[in-house]
Structure formats: C-alpha cells, structure tokens
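Subject: Structure for you to look at

Hello,

Here is the structure I said I would pass on. Please open it first, and then read the notes that follow.

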Amino acid sequence: MSTTVEIFDTTLRDGLQVEGVSATVEDKLRIAEQLDHLGVQYIEGGWPGANPKDIEFFARAATELHLTTSTFVAFGSTRRPRGKVDEDQTLQHLLDANTRAVCIVAKSSDYHVTEALKTTLDEGAAMIADSVEFLTGNGRQVLVDMEHFFDGFKDNPEFSFRALEAAVLKGATHVVLCDTNGGSLPHEVEEIVTRVNAHVGNDVIIGIHCHDDTGCAVANSMAAVRGGARHVQGTLNGLGERTGNANLTTIIPNLQLKQDFICLPEGRLERLTVVSHRVAETLNRAVNPQSPYVGSSAFAHKAGLHVSAIVRAKDAYEHVDPQLVGNDTRFVVSEMAGRATIQMKADDLGLEMDGAVINTVIDELKRLEHEGYHFEAADASLELLMRRATGWKQDYFEVESMRVITDEVSDTFNTEATVKVWIGEERFVFTAEGNGPVNAIDTALRRAVGRAYPHLENIHLTDYKVRILDGGEATGAVTRVLLSATDGIRDWTTIGVSSNIIEASWRALEESVVYGLLHAPVS
Ligand SMILES: [Zn+2]
C-alpha cells in the first residue's frame, strides 16, 4: 500500500518573493489554474487584505477560479500579542477571504517570542491556541506554519513542543515545521521531525516547509518525510526569496517515482514538465535547463561514446523514463556528432535519411559550426537543416526583400522596417516601427506572414541573445544570435550568424517563424 504525501504549493505567496518577479492578478489566477491542473492538494493564495492587489485577487478567485482538484488556502498569522481574536484584523481578513482552509504562521521559537514579539512564552502559546480556536470555531480547517521551528527546537525544544500542542489541542489539522532561515541539514531535519512525530504524530498531520539556503531544501523535505511528515510545502521551480524554496518539481517525482509515495492524483505526474514551463512563462522566468526532471537538458544526451548504446537501451542512461514527468529524451548534436547521433536525431524527428543524406548533414554541420554556428543551443535550426538535407523546402512564405532604417531626429531614435513576402501567388508588403531594428523586423515579418497564418499570433519571442565571436576584431567581428520563442506549448531556439548583426538576427527570426509554422497544432 502506498502512502499519501500531500503537496501544498506556496508559489503564489513565498514564490513571488523572488527578486525581479512581479505577478499581476491575472497571472496569479492563471498560475492557480495550472496548479489545479497539476493536481496539488493545496494552493496558497497569499495574504488576503494585505494590499489592493491581494484584495482583488481573493475577490476574483472566489468567483473566477473553478478548482477541480486543489483546495484554495488563505494565509495569515496568529493574533497579536495581548490582542483579542475577535478584534484582530488579520484574522478577520482570513475569515473574509471565505476559503475552506486557512494557514496561519505562528512563532514556535522561544527566541522569536521573547525578542521579536517582546512577550512571554505563556502569551506566545496563548496566541496560537486562541487563534486556532477562533478559526476552527468559525468553521475553517486550520494549518499552522511553525516559523523558525528547527532553529527554535535546537535551542529550546520544550517551548517548541508547547507551541505544537497549543495548535493540536485546539483542532489544527496540520502543524507545518518551517526551516525559515533555510540553514538546516537533512540529518537534523530527520531527527527533529522523528521526535515531533513521536510526540504529536497520532493527532495531527506533520508538514514541512523548507528554504534552500544550504542547497538542501529538497533533501530536507525528503528527510522530513522519512521522519514522518506527510505534507510538503514548496514552490514550482523552487521560486522564492534568497536562494529559493523547496522545489516541488523535484520533490514530487522523487517521492512518487523513487519512494512509492502518492503526491498527485493518478495521471497527473506527466503534466509536471508542461505546468512547470507554463508557470515559468507566466512569470517571465525561464526554467533552468538543468532543472531535474523538467529542464530541457534533464534528459539530453550529448554525442559521444554512449549515443549508440542509448539507442539500444535507453534506460541504461536515464534514471527514470522522461515520459513519466512529461519530458522527453533529447539528443544534442554538434560538429562532434558522428553518424549514429545524426541517425538517432533523424529517427527522433521521424525523418528518413540514408547514408548519403547523413553525410551531407555532417558536412554541413562542420562547415556551419566553423563559421560560428552552434547547433547544440539551437535545436530548431538543426531540425530545419536536417529537413532541408532530405530535400524539404519551406513553402509557407518567400521573402522578396527586407529593409530596416534607423534614424535620429532631435535626439530620438526611430526604427522602421519593411518586409515584402510572397505567400503563394499573393504579395504582402508590411511596414512596422519598433523600439529597435530587431523588434521592427520581427513585427513587420509577423504582420506580413501572419495574414495567411493566424497561428503566428500565439508565438512570441522569449529571449534574444547576442554574442560576439572572435572578439579581437571588435565591431568587425562575427555575431551569433540565438533567438528563443514559444507558442505556449513548445519552446524552441534558432540561430543566425553573420558579420552583420541585422542579418544574423533576421536569419534566426525567419527560422523561428518557419519552425513555429511547421509545428503549429493541427486545428
Ligand atoms: Zn517560507
């Protein structure tokens, strides 16, 4: 019999603390929908009433979010020291949020009670007991986040136990042990959780909430589960302040695929990769390619000795089947690639290639990489190159000409691009302004081609990288442009190389559009 470990996602609160990320109310609603699609048990929405954005979010969530799997949770804190529960604003906001479950943060470290709250330990315990009693009395399921639990426990376990008991006796369903400063190590976490489990494990579900300051948040969460925790809090892609929170996209498959725990409803784990990428996209923060399970390199194999062996026995080189988490094996091809790698890549793409065509591809790769192309980083351009080698030619559009002009008029720079294309027998001419030449040619090309292919509307650029090769020649050097795009389902990268940065960008852009059209979903 498998045991269930509940997943509690705090991307919408802790996750949004990451520097450089800001989410609109609309973004938060979309993320909540994705989390429900994945099937986490709880989605924490943030602090109701904390600011106008959160007030709007909770109001809209109440009517617009139709969750089918997850329970929506409002977050708050215990009453103030020496305050009254029925006069406490935070507790009132929690009730007003009208969620079935609430999570409140409580001080469970004696140091924080006496130093941060400047009150007595008796009052510290009473704040927890009163608040839980008030909320359960109002019909809410109550989870209590025990802030600074591990640090507090190391100093004064007696008070930490008292804090737990205060919550449990008043009917909290969960006590969540937080490594708030993120400084704990797995062996400490396992030992402390084991002691807590022996003490209150029969009366309450023990949760774990880790931050990644020692790089151990995933390991600490798993150690807690070994110690008896059955509820894990974290964020998608490990987003969070400082070094981030425990990464649920790693923890979930670790528990479910390696340890036989059940974290998500049946059939949901294979949504992990796409949900991870959609949430990253919504927050405009790309998934680290090396992220376990969901990264684009997680199951990528570079040409070399073991490539032909992978063809024979994939599982000899992959720790799990990538399909289980919705990811895919990828063969990375570079000028070093031998025939076997190209053959595998061709099989992967469903292309028929005989020996002569494979030789053409290898020669072409060598020639282009010598010029400065780098196909490892540009899968989409590689695919187009291989298709062309088989005699394929894109017939979506034909470019007649492209022109881009930048001029300066009284200290303002203006850019305008004109693109002329043929689609079948029809000629399209479009002019667009942009905040720079690349933006202008991108807009003009899309407008011109988009007339015939409405799917282009769903495609947008996510990254534009320029690298100067052969830096010795300064502005005369060769420029490599890598351009990433997405249509919301698939991400791809194309490449252009030239001594002219506009030409390099244009090559990458044209290929990006062609690739997007080639893989447009059939409607
Ligand atoms: Zn936290």
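In which helix is Gly450 found? Gly450 lies in helix α16, which covers residues 437–450. Please keep in mind that this is a predicted model. Gly450 counts as partly exposed, because its relative accessible area is 21% and the class of partly exposed residues lies between 20% and 50%. In sequence, Gly450 and Val513 are 63 residues apart, while in space their C-alpha atoms are 9.8 Å apart.

Now the overall picture. The protein has 523 residues, and 52% of them count as buried. Its secondary structure comes to 17 helices and 16 strands. Taken along the principal axes, the C-alpha atoms fill a box of roughly 80 × 60 × 50 Å.

Next, the metal site. Which residues are the protein donors of the zinc ion? They are Asp14 (OD), His209 (NE2) and His211 (NE2), at 2.0 to 2.1 Å from the ion. Along the chain these donors follow the spacing D-x194-H-x1-H. Asp14 and His211 link distant parts of the chain, as they are 197 residues apart. Asp14 sits in the loop between β1 (6–9) and α1 (25–38), and His211 in the loop between β7 (205–210) and α9 (217–227). Is Asp14 buried or exposed? Asp14 is buried, because its relative accessibility of 9% is under 20%. His211 is buried as well, with a relative accessible area of 5%.

There are two surface patches to find. One is a patch of negative charge, where Asp407, Glu408, Asp411, Glu416 and Glu433 gather. Of these, Glu433 belongs to strand β13, residues 426–434. Glu433 is exposed, because its relative accessible area of 62% is over 50%.

The other patch is nonpolar, and it has an area of about 320 Å². Tyr464, Val466, Ile468 and Ile501 make it up. Which strand gives the most to this nonpolar patch? Strand β14, residues 460–469, does so with three residues. Val466 is in strand β14, and at 38% relative accessibility Val466 counts as partly exposed.

Helix α13 runs over residues 339–349. Its buried residues are Thr341, Ile342, Met344, Lys345 and Ala346. In an α-helix there are 3.6 residues a turn, so residues three or four places apart point the same way. Just after α13 comes Gly350, which takes a positive phi of about 75°.

Finally, two residues have a positive phi although they are not glycines. Asn98 has a phi of about 60°. Asn98 is placed in the loop between α3 (89–96) and β4 (101–107). With a relative accessible area of 62%, Asn98 is exposed. Arg242 has a positive phi of about 55°, and Arg242 is found in the loop between β8 (231–234) and α10 (248–258). At 47% relative accessibility, Arg242 counts as partly exposed.

Regards

How values were computed:
Residues numbered from 1 in each chain as written. Predicted model: local features only at pLDDT ≥ 70, side-chain atom pairs only at ≥ 80, totals over all residues. Heavy atoms only, no water. Patch = residues over 30% accessible without salt bridge, like charges linked within 9 Å, V, L, I, M, F, W, Y side chains within 5 Å. Areas by Shrake-Rupley, 256 points an atom, 1.4 Å probe, with all protein chains shown as cover. Salt bridge = Lys/Arg side-chain N within 4 Å of Asp/Glu carboxyl O. Lys, Arg positive; Asp, Glu negative; His and termini not counted. Charge placed at Lys NZ, Arg CZ, Asp CG, Glu CD. Helix = DSSP H or I, 4+ residues; strand = E, 2+ residues; numbered from the N terminus. Buried < 20%, exposed > 50% of the residue type's maximum accessible area, 1.4 Å probe, protein only. Donors = N, O, S within 2.8 Å, 3.2 Å for Na, K, Ca; no water.
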